[in-house]
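Let's take a walk through this one together. Have the sequence and the 3D view open, and follow along as the pieces come up.

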Amino acid sequence: MSVLEVRNLTVEFAQRDGSRLRAVDNVSFELRAGETLALVGESGSGKSTVARALSQLLTPSGGQVMLRGQPAGQRGRALRRYRSDVQMVFQDPFASLNPSFPVEHHIRRPLRISGHPRAGLDQKIDQLLEAVNLAPPRVMAGKYPHELSGGQRQRVAIARALAPEPAVMLADEPVSMLDVSIRLEIMNLLDALKRDRNLALLYITHDLATARHFSARIMVMYRGEIVEQGPVDEVILNPAHPYTQLLESAVPHAAADRAQVAAQRHERLRQRKAASAASAAEGGEIAANTGCRFRARCPHAMEICATPPPDFDVQSGHTARCWLHNRAPSAAPAAEDLASPHVRELSAEPAFLQAISKEKN
Amino acid sequence: MNPAPDTGGPRGAAADVVLSAEHVSVEYAGTAPTRAVRDVSLELRRGEVLGIAGESGCGKSTLAYALARLLRPPARLSGGTIRFHGRDRDQPIDIMALDAAALRRFRWSKVSMVFQSAMNALNPVISLRKQFGDIFAEHVPEMDAAGRDQRSREMLEMVGISPDRVRSFPHELSGGMRQRVVIAMALALQPEIVIMDEPTTALDVVVQQEILDEIERLREEIGFSIVFITHDLSLLLDISDRLAVMYAGEIVECGPTEQVAARPAHPYTYALLHSFPELRDERRQLKGVPGTPPDLRAPISGCAFAPRCAFAFEPCTTLDPRLRRPATLAGPAGSRTVACHLHDPELRPGGPPAEIARSGERTVFALTSREDR
């Protein structure tokens, strides 16, 4: 069931020279109850801006957000109600808790603001602390943030987000500041809470492995656009967009042997050198905001990529915003337009798809 | 003190070693001193990448600072020796014995460091040219301004940044470029050892891979040794030749990366290896390492990892395990060491438990598969 629906969300920031930077460009998706949707992409791709717009920490420049079919409240009581339904967990638990107040304060406030009666507050706080495995709750409630480890602090932040009994939780890189050894505990906790409370969870991360292991669907964001989205195994094991392929290939390969790793490294260095030589030869004239935004870095770039690609279906429920997946060549510009020789060999779609499937085997 | 200062190096191959640390201990002063590094011995071989893994607070960074003699009060080296075996000299240099002037000459030209946060390692108010210039002015006083500018440009070009960027200030560069600049600075005097403390931790995967590729290329071209410190074990599996795992200020396991990854001998290594999901593997329930490292201000009796260890048995709470070469591990003699009673034939005649003794292939340990998400 769709809880939160986002349609054509656009966020622009004014820049010093008067122009506007479009950080999020026409992004649409829905969050479903009891399901985790992962949003991945590199730093600066607009992931966090999406979360901040959804939690109404900043005002979108365009688009609609619907909560249970109703437009999101914009001000006053309606905004308060929206905010208690849509809660956020921030990246840095060292910065997101107030150092001069004990744990209890951080949980009491959202309870009071969302209208919990004074009676029974302490029991409610204890329940929430127990729900995030902070035991014994009465002792933990009296502690100050500096007395807690990073993992414990993030548990407090999660308890705080749960306090207003939200339907949607936006987790913005909830574990990237934590040690690898405790990341899984926090992810398992979020996963269990999502299941027990039927939460719709947006998991924002740049870590593809946890995205795959803890979500059902995934969206890949590149420079403000969703360039690929679909079921998580489908997208990660068979990435369709060259950017997703790049992300996937950049994850360290624990199983590979050293010689193989070295060979792959040399190949990447060679390709990167060739790519930078090529872009230098072209005088770096690929303008940033025309056509496909990835084309300056894309190994498969062709002339048609100067036209912005629409979303193409790769499989049912799996789309990629890339001309390589255009299965109706007649709708695309005529073949002569792609006639430059070095482009032709790269752009032939069947060969490309063969190459991908070969790599997979 | 442990008997043999050994982390798995073939004996008698001393010429191969560029840095040797013996029984190094570091304390942070306080009413109860924090014993952040406890009796650590290791060898860095010429041209290798030695990975040091462990959680926050295990003493990794403190050890790195000790190796470069960069500790500042309240930290102090409370014991041990660190020797540098230069390429061009027969006698090793005792780093701890250097006086202030000699230390200034030695540091950066022989052992340099890439610090954790590139944002903080660069001075925000002076240009890159000036920051490179400082290094050359200090260490190569005969070089004139034009020469320094020329070298600075070369260094930037070497790490894949346009030489014209010498005019830039740190805030004008992306995080990845800043980290490249910091690496270029560490290599400016062609040191024999570069200590890298979490060099890619704040970067996303694509940039991280570019930086790692660049580090490997430079190492092949220039030929220096690297001590690579990170809490991200998956990264070390990719980049390091040998791996040392630290826990509570001690090295608990050391050996060739491939062997350690394939068959972890210490339960802590085992737990770390199982605490991150593998991107392409079957999905399954993973657990992480419950609990936290011990307080290093308090005395530790027995094995420091015992309270968190799934395989702890009676001697673990009383006897301090020593780093030794266990007979239970196959492979070339002495290539692997571990500090764990599970491998002590006297305490545990039956050998280590099946999980530790058998192959460490991750699939062997698949726990319950997850039906619903």
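## A hairpin to start with

In chain A, β1(A) and β2(A) make a hairpin, with 5 residues sitting between the two strands. Look for A:Gly18 in that turn: its phi is positive, at about 90 degrees. Before going further, keep in mind that this is a predicted model.

How do the two arms of the hairpin pair up? Strand β1 (residues 2-14) and strand β2 (residues 20-32) of chain A are antiparallel, and 9 bridges hold the pairing. If you want a spot to check on screen, find A:Val11, which stands opposite A:Val24 in β2(A).

β1(A) has another partner too: strand β4 (residues 62-67) of chain A, joined to β1(A) by 5 bridges and also running antiparallel. Here the pair to look for is A:Leu4, which faces A:Leu67 in β4(A). While you're looking at strands, remember that side chains in a regular strand alternate between the two faces of the sheet.

Here are the strand pairs of this report side by side, including one from chain B.

| Strand pair | Direction | Bridges |
|---|---|---|
| β1(A) and β2(A) | antiparallel | 9 bridges |
| β1(A) and β4(A) | antiparallel | 5 bridges |
| β3(B) and β9(B) | parallel | 4 bridges |

## Chain A as a whole

Zooming out, chain A has 13 helices and 12 strands. Of its 361 residues, 42% are buried. Now take the contacts in chain A with a separation of 6 or more: 65% of them come from residues 24 or more positions apart.

## A sheet in chain B

Over in chain B there is an open sheet of 7 strands, in the order β6-β7-β8-β3-β9-β10-β11, with mixed pairing. Which strands sit at the edges? They are β6 (111-114) and β11 (337-338) of chain B, each pairing on one side only.

Inside that order, strand β3 (residues 49-53) and strand β9 (residues 242-247) of chain B run parallel. B:Gly51 stands opposite B:Leu243 in β9(B). Helix α6 (residues 175-187) of chain B lies across β6 and β7 (193-197) of chain B, at about 175 degrees to β6(B).

## Where the chains meet

How many residues does each chain bring to the contact? Chain B brings 34 residues and chain A brings 33 residues. On the chain B side, α7 (205-222), α8 (233-239) and α9 (257-262) each supply at least two residues. The biggest giver there is α7(B), with 6 residues. Sorted by character, the chain B side has 13 nonpolar, 8 polar and 13 charged residues.

Note on methods: Residues are numbered from 1 along each chain as its sequence is written. Chains are lettered from A and ligands numbered from 1 in the order in which they are written. This is a predicted model: local features need pLDDT of at least 70, side-chain atom pairs count only at pLDDT 80 or more; totals for chains, interfaces and linings use all residues. Two residues are in contact if their C-beta atoms, placed from the backbone, lie within 7 Å. Ala, Val, Leu, Ile, Met, Phe, Trp, Tyr, Cys and Pro count as nonpolar, Asp, Glu, Lys and Arg as charged, and the others, Gly among them, as polar. Two strands pair if DSSP finds at least two bridges between them. Axes are lines fitted to C-alpha atoms, for helices over the stretch in contact, and angles run from 0 to 180 degrees between N-to-C directions. A residue is buried if 20 or more other C-beta atoms lie within 10 Å of its own, exposed if 12 or fewer, and partly exposed in between; C-beta atoms are placed from the backbone.
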